[in-house]
Every structure is written in C-alpha cells, then in structure tokens.
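Here is a quick tour for someone meeting this structure for the first time. Have the sequence and the 3D view open as you read.

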Amino acid sequence: MDLPVWQAVREELRPLGLEIVGVAMDTNGAEAAGPWIDAAKTTYPQLLDPSHSLGALLGIINVPMGVWIDADGVLVRPAEPCFAPRERGYGDVDLPEGTPPRLKEMLAEAAKLDVDLQATVTMLRDWARNGKKSSYALSPDEVVRRSAPRPKEVSLAAANFELGQHLHRNGQQDAARPFFRQAHRLQPENWTYKRQAWSMVDALQGPSEYYDSDWLSDVRKIGAKNYYAKVEA
C-alpha cells in the first residue's frame, strides 16, 4: 500500500531536488520483494538489501523507517519511523470473506499502533523547499545524539543474524535458526530480525516450534502504542 503513495510524494517533490529511494530488507531478495515492487509500478529507485546491511550501518530495526541524506552525502536525519501519508491506518483494511482469524487479530492490533501518517511528508516538504534552513534538517551533533547506539550486544546480534541468513540461503534452515534466535535474544527491540525469521516459518509470523515468540504475542506484550518510537521533529 505504501509504495504508490511514496510515488506520489516523489512526483511532487522531485522538481525541488528530492529523491525517494526504497530499500527492501528481505533475506530472499528479489524473490520475496520483487512481486510487490512490480505490482506498485513505481519509477523511483527500488533497491534490495538481503543482507540487512542498513540495519547494521544505520540502525534500521523496524519497517517502515527512513533516513535523510543531503546532496553532499551527509546524514541529515538518522533512522526513524517513516510513514507514507496514506488516508487509512495500518489496521484499516477491508478484509475479504474467508480471511484467516489470526490475520484479523493482527490487523486489529495494528489498528492500535500510535502513528502519525502525515508527519514525515510534512517534514520532507519543508526540507525540500528550505534545504539546510529547514528546522527538520538536523545538525551533525543532533544526528549523533539521535542515532542508535551500538553496544557489544547489538554487534553480536548483527553477526548472528548474518550467519543465520548465510545458512538459510544455502538451504540449511535448521542450522540457521539457532543464530536467528540468538540475534533475537541479543537485540529484542530489532523487529526486522524477528519478523524475518518468523516469516520464513509462517507467512503470518505466528507461533512455531522454532521460536519463543511471534508478532502478535510480542506486540501485545509491549503494547501496540510502543511498537514504533516517537518521531522527534
């Protein structure tokens, strides 16, 4: 649902010098993300990051998140929730007859997410028009302050997740799962790690014998309103 909305934002702001770049962080690469990208028919760049390198480099721990980079290649805003300006929220979806009960439960929980669907585009419009003078373009010191820290546990989580992906891509799913579980334990706030591993077992990221948690249980545990961090202006 989001990709065509970003296409409209790109068409509006590209004449002012702003470019949108989409990045799909799917371990299975084009096989997983390709059909969604093709269906959206976007014209802005769509990249694949099957190694989750953006997570390790920039602190991407959930989707959708975004970073702002200026024309000089300088990070202007670090990783933060980045919502497409849609009219309908994540749980506001018309469900066809026969929708699995678990999916209904997930969407009901998604409806409770605390998101401002207009905040990102409001800030982007101001930045596109005012550049460095925009109040949303942060100073280097502020970018550092807001950037996610990288303690030892986070580095170890990234290493474990990378090993898990390598084994998975080489057909060793059973050998990969202990590394995914360790990544989850070391960095429990990293939803990209958890969602990726869960979805390899169940498309709805439900309970399985391989993992101690699932999307719906974990969201209920922390509270849907805490699923995304608040975006500072």
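## Two spots in the loops

Let's start with His52, which is found in the loop between strand S2 (46-48) and helix H3. Bear in mind that this is a predicted model. His52 is not a glycine, yet it has a positive phi of about 60°.

Now go past H3. The loop between H3 and strand S3 (65-69) is the place of Pro64. What kind of peptide bond joins Val63 and Pro64? It's a cis peptide bond, with omega at about 0°.

## H1 alongside H5

Next up are the helix pairs. Two packed helices are described by the angle between their axes and the distance between the axes. Take helix H1 (residues 2-13) and helix H5 (residues 119-130): they pack at an angle of about 20°, and their axes are 11 Å apart. H1 and H5 are therefore roughly parallel to each other. The crossing that H1 makes as it passes H5 is right-handed.

Which residues make the contact? On the H1 side you'll find Trp6, Val9, Glu12 and Leu13, while H5 brings Thr120, Val121, Leu124, Arg125, Ala128 and Arg129. Sorted by class, the residues of this H1 and H5 contact come out as six nonpolar, one polar and three charged.

## H4 alongside H10

Helix H4 (residues 101-110) packs with helix H10 at an angle of about 30°, and the two axes lie 10 Å apart. That angle makes H4 roughly parallel to H10. Here the crossing is left-handed, with H4 passing H10.

From H4, the contact takes in Arg102, Glu105, Met106, Glu109 and Ala110; from H10, it takes in Trp215, Leu216, Val219 and Arg220. There are five nonpolar and four charged residues in the contact of H4 with H10, and no polar ones.

## H8 against H9

Helices H8 and H9 pack at an angle of about 150°, with 9 Å between their axes. H8 passes H9 in a left-handed crossing.

Who meets whom here? H8 offers Arg177, Phe180, Ala183 and His184, and they meet Tyr193, Lys194, Ala197, Trp198, Met200 and Val201 in H9. The class count for the contact of H8 with H9 is seven nonpolar, one polar and two charged residues.

## Two cavities

How many cavities of 30 Å³ or more does a search of the whole structure find? The answer is two. The largest cavity has a volume of about 50 Å³. Its lining is made up of His168, Gln173, Arg177, Phe180, Ala197, Met200, Val201 and Tyr211. Helix H8 (173-186) and helix H9 (191-201) are the elements that give two or more residues to this lining. Some names may ring a bell: Arg177, Phe180, Ala197, Met200 and Val201 line the largest cavity, and they are also part of the contact between H8 and H9. By class, the lining of the largest cavity holds five nonpolar, two polar and one charged residues.

The second largest cavity contains about 30 Å³ of space. Trp68, Glu80, Pro81, Cys82, Thr120, Met123 and Val231 line the second largest cavity. Strand S4 (75-81) and H5 are the elements that give two or more residues to this lining. Thr120 is one of the residues lining the second largest cavity, and Thr120 also takes part in the contact of H5 with H1. In class terms, the lining of the second largest cavity has five nonpolar residues, one polar and one charged.

## A pocket with many contributors

Finally, turn to the second largest pocket, which has a volume of about 830 Å³. Of the 36 residues that line this pocket, Gly59, Ile61, Met65, Ala148 and Glu189 are the closest to its centre. The lining divides by class into 20 nonpolar, seven polar and nine charged residues.

Helix H3 (53-58), S4, H9 and helix H10 (215-222) each supply at least two residues of the lining of the second largest pocket. Which element gives the most to that lining? It's S4, with five residues. S4 also gives two or more residues to the lining of the second largest cavity, so keep S4 in view as you look around both places.

Technical notes
Residues are numbered from 1 along each chain as its sequence is written. This is a predicted model: local features need pLDDT of at least 70, side-chain atom pairs count only at pLDDT 80 or more; totals for chains, interfaces and linings use all residues. Side-chain values use heavy atoms; hydrogens and water are left out. Axes are lines fitted to C-alpha atoms, for helices over the stretch in contact, and angles run from 0 to 180 degrees between N-to-C directions. Helices (H or I, at least four residues) and strands (E, at least two) are DSSP runs, numbered from the N terminus. Angles under 35 degrees count as roughly parallel, over 145 as roughly antiparallel, 65 to 115 as roughly perpendicular and the rest as oblique. A crossing is left-handed if the near helix is turned anticlockwise from the far one by less than a right angle, and right-handed if clockwise. Contact means heavy atoms within 4.5 Å. Ala, Val, Leu, Ile, Met, Phe, Trp, Tyr, Cys and Pro count as nonpolar, Asp, Glu, Lys and Arg as charged, and the others, Gly among them, as polar. On a 1 Å grid over the protein atoms alone, a cavity is a set of points where a 1.4 Å probe fits but cannot get out, and a pocket is an open set with protein on both sides within 12 Å along at least five of seven lines; lining residues have an atom within 4 Å of a point. Grid points are joined across faces, edges and corners, and a volume is the space filled by probe spheres set on the points.
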